[in-house]
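Let's take a walk through this protein model, one piece at a time. Keep the 3D view open and turn it as you read.

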Amino acid sequence: MSGRPYDQYAAIYDRTGQGDFSRKMWSRVRAQAERLGFRGQTVLDLAGGTGAAAVDMIQDGYRVVVADLSRAMLLQARDQGEAAGLRTVASDMRHLPFAAGSFDLVTSFYDSLNYLLTSDDLAATLHGVAHALRAGGLFAFDLNTPFTLKEHWVGLCHARAEAARASIWEATWLGPAAISRLRATFFVRSDDGRWDRFDETHDEHGFSGDEIVEASRAAGLAVVHAEDLHSGRRPGRLSRRVFYVLRREEVVR
């Protein structure tokens with residue numbers, strides 16, 4: 001059975017260890033925010049999925065809203081965090097429904113912004129984030145680079161098997177659209193011992209550092225930190241994933 005991204009994957013997402021990356025990113029964001037002198041209490045976790053990072057944010061004393069397009073992922077987030085005060089909102093990141101200055105910090109982890117497939121999509125998202133942030137607020141996120149999608153992932157076929165589930169991920173480069181298409185096939189053992197299969201397609205587009213800087217500036221956001229997530233150094237042509245922190249200017253353009 002085929003479906004939209006995360007419709008069925010949501011039920012096993014955290015069990016495959018995927019939430020661990022977002023938790024690690026939250027630790028990195030906290031350290032960088034402290035270095036930048038950040039002070040705040042409210043966080044929007046954009047495309048926050050199952051709420052893995054959001055639960056840690058709440059435990060650290062923040063008031064958190066998870067926004068995600070996938071209602072299946074949000075159901076998992078509610079199960080994890082609703083009792084602790086987590087609020088969830090079903091929303092496309094290009095059309096955020098929040099009032100001006102609602103948040104001190106916006107986060108988006110695990111290459112969620114790579115699901116924006118055009119420059120217009122990126123611009124709409126950054127303008128929405130700038131609107132939702134208070135003046136001086138921060139937006140922290142990570143992105144797969146164009147190098148990763150076009151060169152590192154080309155021909156990728158990754159298989160993983162465990163006692164109760166297995167998955168196969170295959171990547172194809174769609175040149176004219178500059179999109180890496182990931183086709184994922186999952187097998188999950190049911191309670192009666194039979195294996196259920198489902199398939200999903202995930203499309204990602206890469207944005208260069210210059211594109212991020214220009215689109216951010218146009219939205220009233222300034223890049224205050226950019227780091228190769230693997231080396232910890234300044235991003236270069238061969239960087240595979242980049243961690244960005246943007247600050248909202250006093251006046252949004």
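## The sheet in the middle of our story

Start with an open sheet of 7 strands, which follow the order β4-β3-β2-β5-β6-β12-β11 with mixed pairing. The edge places go to β4 and β11 (221-228): each has a single partner strand, so one side of each is left without a neighbour in the sheet. On average, neighbouring strands of this sheet are turned by 20 degrees against each other, direction ignored. Keep in mind that what you're looking at is a predicted model.

Now zoom in on one end of that order. β3 and β4 pair in the parallel sense, over 4 bridges. If you want a pair to click on, try Ala 67, whose bridge partner in β4 is Val 89.

## A helix across the strands, and the cores

Next, find α4. This helix lies across β2, β5, β6, β11 and β12, and runs at about 145 degrees to β6.

Which residues touch the most other members of the largest nonpolar core? They are Leu 44, Phe 98, Val 106, Leu 126, Phe 139 and Phe 141, out of 29 residues in that core. Several elements give two or more residues to it, namely β2 (42-46), β3, β5 (103-108), α4 (119-132), β6 (133-144), α6 (209-219) and β12 (241-248). The largest share, 5 residues, comes from α4. There's also a second, separate core of 23 residues, and Val 29, Ile 58, Leu 105 and Val 245 are among them.

Phe 98 is a good one to pick out from the largest core. Leaving aside neighbours within four places in sequence, Phe 98 is in contact with Leu 44, Val 65, Ala 67, Val 89, Phe 103, His 131 and Ala 132. You've already met two of these, Ala 67 and Val 89, as bridge partners.

## Val 29, tucked into the second core

Val 29 belongs to the second core and lies in helix α1. Is Val 29 buried or exposed? It counts as buried, because its relative accessibility is 3%, and the cut-off for buried is under 20%.

Not counting residues up to four places away in sequence, Val 29 touches Leu 105, Thr 107, Phe 109, Ala 140 and Phe 243. Have a look at Ala 140 in particular: it sits 111 residues from Val 29 along the chain, yet their C-alpha atoms are separated by 6.7 Å.

## Where two helices meet

Two packed helices are described by the angle between their axes and the distance between the axes. For helix α1 (residues 19-35) and helix α2 (residues 52-59), the axes come within 7 Å and cross at roughly 35 degrees. The crossing of α1 past α2 is right-handed.

On the α1 side, the residues that meet α2 are Gly 19, Ser 22, Arg 23 and Trp 26, and on the α2 side they are Ala 52, Ala 53, Asp 56 and Met 57. Sorted by class, this contact has 4 nonpolar, 2 polar and 2 charged residues.

## From α2 to α3

Val 55 has its place in helix α2 and is buried, with a relative accessible area of 17%. Beyond its neighbours within four places in sequence, Val 55 is in contact with Gln 80 and Gly 81.

Gly 81 is also one of the buried residues of helix α3 (residues 71-81), along with Ala 72, Met 73, Leu 74 and Ala 77. The buried residues of α3 pack against α2, β3 (63-68) and β4 (87-90).

## A hairpin and some unusual phi angles

Strand β9 (residues 179-189) and strand β10 (residues 195-205) pair in the antiparallel sense over 11 bridges. Ala 184 stands opposite Glu 200 in β10. The hairpin has 5 residues between the strands, and Gly 193 takes a positive phi near 95 degrees.

Most residues other than glycine have a negative phi. Two residues here go the other way. Asp 111, in the loop between β5 and α4, has a positive phi near 50 degrees, and counts as buried at 7% relative accessibility. Ala 178, in the loop between β8 (165-174) and β9, has a positive phi of about 55 degrees, and is partly exposed, with a relative accessible area of 24%.

Terms used: Residues numbered from 1 in each chain as written. Predicted model: local features only at pLDDT ≥ 70, side-chain atom pairs only at ≥ 80, totals over all residues. Heavy atoms only, no water. Axes fitted to C-alpha atoms, helices over the stretch in contact; angles between N-to-C directions. Left-handed = near helix turned anticlockwise from the far one by under 90°. Contact = heavy atoms within 4.5 Å. Nonpolar A, V, L, I, M, F, W, Y, C, P; charged D, E, K, R; others polar. Pairing = 2+ DSSP bridges. Buried < 20%, exposed > 50% of the residue type's maximum accessible area, 1.4 Å probe, protein only. Core = buried A, V, L, I, M, F, W, Y, C linked by side-chain atoms within 4.5 Å.
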